[in-house]
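Q: I have a model open and would like to learn how to read it. Could we go through it together?

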Amino acid sequence: MVGRKKMFLLTNELTLDEDQLAKLYAKRWAVEVFFRTVKQSYQRAKLRSRTPENAKQEIQWTLIGIWMALTEGAQSIPSGERLSPVRVLRVICRLLLAVSRHSHQNLNLHGELSQCVLADESSRQSEKNSKDYPRKKRKRLTGEPNVKPISKTLRTLAIEAI
């Protein structure tokens, strides 16, 4: 169970038990959430570079900048609180604008970043997504997977292939 929903994972990793797979998946999911943040919140879904070498450098510098901003933000908020990447981005943008306008004397980076706490949504009663959005497709419920037992021969072949 993940939250209130059942989750089914399909894997070719046959040497780990359920708990180990769940921990591995949780770590992988954190990476996916980070890249979703990079693509959506930081508007980096498309690269500006035209060559593979420049694209690689663009990705590296983008990730380094975001990691530095998020690390600085995480050090500025109270312990136990979750960081809002969008709020960190807004603070960094305000800082860059202030520096470009030569009015950076009034900006306190640590003070601004200390306000970048993720909003508490524990009392939310409704879903975040709008149900009446006109172009939204209705998701079909998939249900439980139909898992068939593996034969001993196939299992042996799979283990040998790994």
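Q: Which exposed residues sit on the face of α3 turned away from its buried side?
A: Keep in mind that this is a predicted model. Exposed means over 50% relative accessible area and buried under 20%. On the face of α3 turned away from its buried side, you will find the exposed residues Arg90 and Leu96.

Q: And which residues of α3 are buried?
A: Look for Val88, Val91 and Ala98. Around the axis they cover an arc of only 90°, so they lie on the same side of α3.

Q: What do the buried residues of α3 pack against?
A: Their partners are α2 (52-76) and α4 (109-113).

Q: How far apart are the end C-alpha atoms of helix α3?
A: A helix can be checked by its rise, here 1.5 Å a residue. The 16 residues of α3 (residues 85-100) should therefore span 22 Å, and the end C-alpha atoms are 23 Å apart, which agrees. After α3 comes His102, whose phi is positive, near 60°.

Q: How many helices and strands does the chain have?
A: There are five helices and zero strands, giving the pattern α-α-α-α-α along the sequence. Of the chain's 162 residues, 15% count as buried.

Q: What is the volume of the second largest pocket, and which residues are closest to its centre?
A: Rolling a probe the size of a water molecule over the atoms reveals where empty space remains. The second largest pocket has a volume of about 860 Å³. Of its 23 lining residues, Phe8, Leu9, Leu10, Thr11 and Leu21 are the closest to its centre. The lining divides into 16 nonpolar, two polar and five charged residues.

Definitions and conventions. Residues are numbered from 1 along each chain as its sequence is written. This is a predicted model: local features need pLDDT of at least 70, side-chain atom pairs count only at pLDDT 80 or more; totals for chains, interfaces and linings use all residues. Side-chain values use heavy atoms; hydrogens and water are left out. Helices (H or I, at least four residues) and strands (E, at least two) are DSSP runs, numbered from the N terminus. The expected span of a helix is 1.5 Å times one less than its number of residues. Buried means under 20% relative accessible area, exposed over 50%, partly exposed in between (1.4 Å probe, protein chains only). The arc is that of the directions from the helix axis to the C-beta atoms. Contact means heavy atoms within 4.5 Å. On a 1 Å grid over the protein atoms alone, a cavity is a set of points where a 1.4 Å probe fits but cannot get out, and a pocket is an open set with protein on both sides within 12 Å along at least five of seven lines; lining residues have an atom within 4 Å of a point. Grid points are joined across faces, edges and corners, and a volume is the space filled by probe spheres set on the points. Ala, Val, Leu, Ile, Met, Phe, Trp, Tyr, Cys and Pro count as nonpolar, Asp, Glu, Lys and Arg as charged, and the others, Gly among them, as polar.
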